[in-house]
Amino acid sequence: MLSIKDLHASIDEKSILRGLNLDVKPGEVHAIMGPNGAGKSTLSQVLAGRENYNVTKGTVDWDGQDLLAMPIEERARSGLFLAFQYPIEIPGVSNAYFLRAAVNAARRHQGLPELDAMDFIKLAKAEMKSVGMRDEFLYRSVNEGFSGGEKKRNEVLQMILLQPRLAILDETDSGLDIDALKVVADGVNRMRSPERSMIVITHYQRLLDYIVPDFVHVLAGGRIVRSGGRELALELEEHGYSWVMEGGKDQKGAAA
Amino acid sequence: MSNLPSWVEGYAVRQAAAGVPAWLAETRKRAMERFADEGWPTAKLEAWRHTSLQALQQQAFAAPAEAKAVAPYGQADSGLWMVFVDGHFAPQLSRLGTLPQGVQLRSLHQALAESPDALQQAFGAETDGASPAALNLALAADGAVLQLERGAVLEDMLHLVFIAATAGAASFPRNLVVAGPGARATVVEHYIGQGGEANLTNTVTRLRLDQDANVTHLKLQNEDLQAFHLGSIDAVQARGSVFNSHSMSFGARLARHDISTDFTGEHCESLLNGLYYVNGKRHVDHHTFIRHSQPFCTSREYYRGVLDDTARGVFGGRIFVAPGADKTDAVQRSDSLLLSRLARADARPELEIYADDVKCAHGATVGQLDETSLFYLCSRGLDEAHARHVLTYAFAAAAISRIESDALRNQVIGAIRALAPAELGDL
């Protein structure tokens with residue numbers, strides 16, 4: 001489904017990703033952990049198409065297509081979704097409009113009829129309940145004045161409405177209290193299916209108690225330095241990142 | 001000034017008409033003399049430094065030959081509708097209904113014929129404003145006159161529609177609003193073109209707000225894209241009165257708006273809210289002047305402009321705080337959004353403060369669409385053009401949200417939607 005080979009990326013002449021490899025097959029959930037500055041967010045932004053980053057080397061194959069050559073919106077419409085670490089506030093645009101525009105862009109791409117305002121509101125309200133958002137959030141401006149937790153719920157709501165094939169969750173757990181974390185994890189778990197894959201980026205193992213990954217990778221210095229099953233996350237919790245980075249010379253299994 | 005001879009003719013006819021009171025004939029004469037002396041404002045005047053009227057002067061404008069048939073406008077909405085075609089009241093196109101107690105609404109033409117002397121104070125003087133305002137005074141034949149007695153409330157909105165119907169014609173509407181103590185009204189001026197060619201609209205609206213009166217004024221400038229629009233809105237506020245002004249300027253190749261208010265009593269409030277959009281080679285200029293003559297008054301001024309292609313937007317905001325006008329609270333902001341690298345926005349605040357105990361804040365920004373927001377929208381499947389439209393609308397929405405009335409806000413949104421692609425839908 002997604003195959004990243006020898007990916008190098010830089011921003012403002014500063015190299016961040018330095019030969020990253022990752023293979024994600026349908027239905028798999030991959031966790032990417034790593035210390036601050038390892039390149040976790042850069043990876044998610046490069047995959048989503050942020051133009052600030054310069055891809056200097058490597059390839060990303062997305063179901064036989066060259067992902068890096070696709071415009072941002074095409075990546076989204078073809079089923080790639082990024083839940084932002086810092087969701088953007090857009091004063092003056094209602095959440096309802098924003099969500100419906102996104103859903104209809106995907107539906108057009110799939111050759112489905114667009115949803116009108118009434119049908120969409122019905123659908124959105126049902127899903128909002130599942131992530132613990134009150135109806136009023138439909139009529140407020142996108143993320144404006146939302147608390148950290150409300151913003152993250154709104155990201156998960158978008159994911160549920162868009163039904164992506166690959167969801168990348170960029171530190172969706174940061175800034176969440178335990179209740180919000182459970183709601184978010186619950187939303188994510190309900191999305192798991194044999195056709196849908198996920199890349200869960202997190203600094204802490206806490207989230208992985210709730211979203212249990214099939215694979216755990218440690219990203220450091222712009223490369224995946226270690227890969228394993230979910231027990232790797234527990235080891236990391238116990239020993240800290242320095243443990244991996246010291247012993248992280250062999251990169252076998254990175255393409256698990 | 002190639003146009004002057006033909007305009008002077010109409011002026012002479014009006015001056016010679018029977019029943020014109022001496023004060024009116026005299027004021028008009030002095031106004032005409034002032035315009036003849038000064039001519040159109042030139043770039044030598046500080047307030048006109050960024051706005052050249054050369055193209056206007058090269059254009060010959062005709063007097064409308066006969067009453068033109070025009071498409072109906074706005075009648076589907078409730079409220080009072082007073083329609084003017086090429087500057088003249090068209091009763092057959094208007095819908096006035098019954099007016100509440102204490103409210104009088106007439107055309108200027110009718111009011112001058114019936115009781116000219118009662119209008120003397122409201123009419124204005126030849127020294128008011130810049131030379132185009134003087135030209136308006138000399139030539140104004142018609143307009144709306146709204147008079148509200150003490151405590152009178154006009155619940156329905158009064159819509160004044162000015163249609164430029166004859167191609168290449170000039171019109172000089174003059175509107176007078178006199179709100180007695182505690183009176184309330186909402187007046188909406190619509191300027192639209194159906195002539196399809198370079199028209200000139202030179203308009204003046206004067207508002208007098210007596211103690212505790214409350215007037216909301218909205219001007220929707222949607223003239224033909226070849227038209228010239230010069231407009232003044234001048235308010236005088238007595239103690240405790242509230243004046244809300246919304247200037248929505250979307251049409252015309254050149255639009256100049258002069259908007260002023262004078263706090264002549266304590267505890268006055270005023271909101272000057274503005275939104276403009278210009279593209280192509282068009283030009284829009286707002287100059288505002290708030291005179292804090294008295295203490296304990298509050299003014300809020302927010303102007304937002306969206307500029308595309310090689311268009312140009314100008315904002316000049318002057319705030320004068322007189323000696324002794326303590327506890328003045330004034331905020332002025334101008335924010336411009338450039339959609340093209342060749343568009344240009346000039347903002348110039350001008351604060352003259354002669355009192356000690358005042359709060360006066362001003363700020364101006366000129367910027368582009370936020371890249372991170374664009375990325376966010378595109379990452380949700382919106383193509384770049386759609387995302388840009390959404391963010392541009394969002395920028396404008398801040399100005400629209402300051403319009404209190406839902407009905408009024410929806411009218412402005414409707415006008416904006418007409419400028420935007422259909423894909424914006426019900427944004």
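Biologist: How many residues does each chain bring to the contact between chain A and chain B?

Modeller: Two residues are in contact if their C-beta atoms, placed from the backbone, lie within 7 Å, and by that rule the contact takes 21 residues from chain A and 18 residues from chain B. This is a predicted model, in which local features need pLDDT of at least 70 and side-chain atom pairs count only at pLDDT 80 or more, while totals for chains, interfaces and linings use all residues. Residues are numbered from 1 along each chain as its sequence is written, and chains are lettered from A and ligands numbered from 1 in the order in which they are written.

Biologist: Which elements give two or more residues to the side of chain A that touches chain B?

Modeller: Helices (H or I, at least four residues) and strands (E, at least two) are DSSP runs, numbered from the N terminus. Here the elements are helix 2 (72-77), strand 7 (90-94) and helix 3 (95-109) of chain A, and helix 3 of chain A gives the largest share, 5 residues.

Biologist: What does the predictor say about the complex?

Modeller: The complex receives an ipTM of 0.93 and a pTM of 0.89. For single residues the predictor's confidence is pLDDT, from 0 to 100; chain B has a mean of 92, with 94% of its residues at 70 or more.

Biologist: How is the angle between helix 6 and helix 7 of chain A to be read?

Modeller: Axes are lines fitted to C-alpha atoms, for helices over the stretch in contact, and angles run from 0 to 180 degrees between N-to-C directions. Angles under 35 degrees count as roughly parallel, over 145 as roughly antiparallel, 65 to 115 as roughly perpendicular and the rest as oblique. The axes of helix 6 (residues 148-162) and helix 7 (residues 178-191) of chain A come within 10 Å and cross at roughly 10°, and these two helices are therefore roughly parallel to each other. Among the residues that make this contact are A:Val156 of helix 6 and A:Val184 of helix 7.

Biologist: And what is the angle between helix 3 and helix 4 of chain A?

Modeller: Helix 3 and helix 4 (residues 117-130) of chain A pack at about 100°, with their axes 11 Å apart, which makes helix 3 of chain A roughly perpendicular to helix 4 of chain A. The residues in this contact include A:Leu99 and A:Val103 of helix 3, together with A:Phe120 and A:Ile121 of helix 4.
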